[in-house]
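Biologist: Hi, could you take me through this one at an easy pace? I'd like to start with side chains and then jump around a bit.

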Amino acid sequence: NTDDHSCKLDKMEKMLGSMTHTVHSLRHNLKNVQRRMQKYERDQQYRCSAQQQQYELVVHEVNDMQHAICDIQRTHRQKLKSQQQQKQKQQQLLQPPKYREFADDRCVNQDLTKLNQWLIINVQLPQYYAVFVEHGIDEIELLVNVTKVELVEMGIYRVGHQMRILEEIEILRQEIYRKQNNDYSCDSYKPSLIEGNAAALCTDL
């Protein structure tokens, strides 16, 4: 009996030792698992943090792009508006000014008739007849003192019209000068085709 009891004790000690070893092994494995879990969690947190930073960076870049697009669109609209305004101003300058028609007695006298003929025949710009009358140039002799500055002040902005008017004024000025200095007579002097109409208008001045 004593031997049997000793054998049982030996077996139990061996089993206890084996179980103790197993427990130690399980504890070691558990610690390894815990370390791995902690490392996994740290990696996951790092990845989440990196993804969050990347997401915030992308959102920031998108916002910057949207602001830049809005600025470009605003600048483009302002530029178009400015170009349209400049174009409208240029069109207004190129359009002949609209003046009221004069219906008083001055419009039927002889001098204004010559002025009107001069604008129609020589200058071929009859629309400025009322302009000259409105600004007090109601006699053809007064044209010799008109310059480009006066034309602009009267509202004649087209460069081509200014050149035509000033050219005919110069011809008229020469004709009046010749008439006053008796440089020619109707029998000995034949005006050119350009000067013919101006000479006719200067008759009886």
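**Charges, loops and contacts**

Biologist: Which residue forms a salt bridge with aspartate 71?

Modeller: Aspartate 71 pairs with arginine 74, and their closest N and O atoms are 2.8 Å apart. A salt bridge here is a side-chain nitrogen of Lys or Arg within 4 Å of a carboxyl oxygen of Asp or Glu. Do keep in mind that this is a predicted model, where local features need pLDDT of at least 70, side-chain atom pairs count only at pLDDT 80 or more, and totals for chains, interfaces and linings use all residues. Residues are numbered from 1 along each chain as its sequence is written, and side-chain values use heavy atoms, with hydrogens and water left out.

Biologist: Thanks. Where do aspartate 71 and arginine 74 lie?

Modeller: Both are in helix α1, 3 residues apart, or about one turn of the helix. Helices (H or I, at least four residues) and strands (E, at least two) are DSSP runs, numbered from the N terminus.

Biologist: And are those side chains buried or exposed?

Modeller: Somewhere in between. Aspartate 71 is partly exposed at 39% relative accessible area, and arginine 74 is partly exposed at 40%. The cut-offs are under 20% for buried, over 50% for exposed and partly exposed in between, with a 1.4 Å probe and protein chains only.

Biologist: How many salt bridges are there by that rule?

Modeller: The count is 2. Besides the aspartate 71 pair, arginine 173 bridges to glutamate 170, with the closest N and O atoms 2.4 Å apart. Arginine 173 and glutamate 170 are separated by about one helical turn because they sit 3 residues apart in helix α5 (residues 159-181). Arginine 173 is partly exposed at 30% relative accessibility, and so is glutamate 170 at 35%.

Biologist: What about glutamate 168, does anything pair with that one or is it left without a salt bridge?

Modeller: Glutamate 168 has no salt bridge although it is buried. The nearest side chain of opposite charge is arginine 164, 7.5 Å away. For that search, Lys and Arg count as positive and Asp and Glu as negative, while His and the chain ends are not counted.

Biologist: So which residues is glutamate 168 in contact with?

Modeller: Setting aside neighbours within four places in sequence, glutamate 168 is in contact with Trp118, Asn122 and Val123. Contact means heavy atoms within 4.5 Å. Glutamate 168 itself is in helix α5.

Biologist: New topic: where is leucine 143, and what does it touch?

Modeller: Leucine 143 is in the loop between α3 (129-134) and α4 (148-153). It is buried, with a relative accessible area of 0%. Not counting residues up to four places away in sequence, leucine 143 touches Leu115, Trp118, Phe132, Ile137, Ile169 and Leu172. The C-alpha atoms of leucine 143 and leucine 115 are 9.0 Å apart, with their positions 28 residues apart along the chain.

Biologist: And valine 144, what does that touch?

Modeller: With the residues up to four places away left out, valine 144 touches Ile169, Arg173 and Ile176. Valine 144 is also found in the loop between α3 and α4.

Biologist: What about leucine 119, buried or exposed?

Modeller: Leucine 119 is buried at 0% relative accessible area, and it is found in helix α2. Among the residues it touches beyond four places in sequence are Gln124, Tyr129 and Phe132.

Biologist: Since Gln124 came up, what is its phi like?

Modeller: Glutamine 124 has a positive phi of about 60 degrees although it is not a glycine. It lies in the loop between α2 (110-123) and α3, and it is exposed, with a relative accessible area of 54%.

Biologist: Last one: how many helices and strands does the chain have?

Modeller: The chain has 6 helices and 0 strands. Of its 205 residues, 18% count as buried. Among contacts between residues at least 6 apart in sequence, 60% join residues at least 24 apart.
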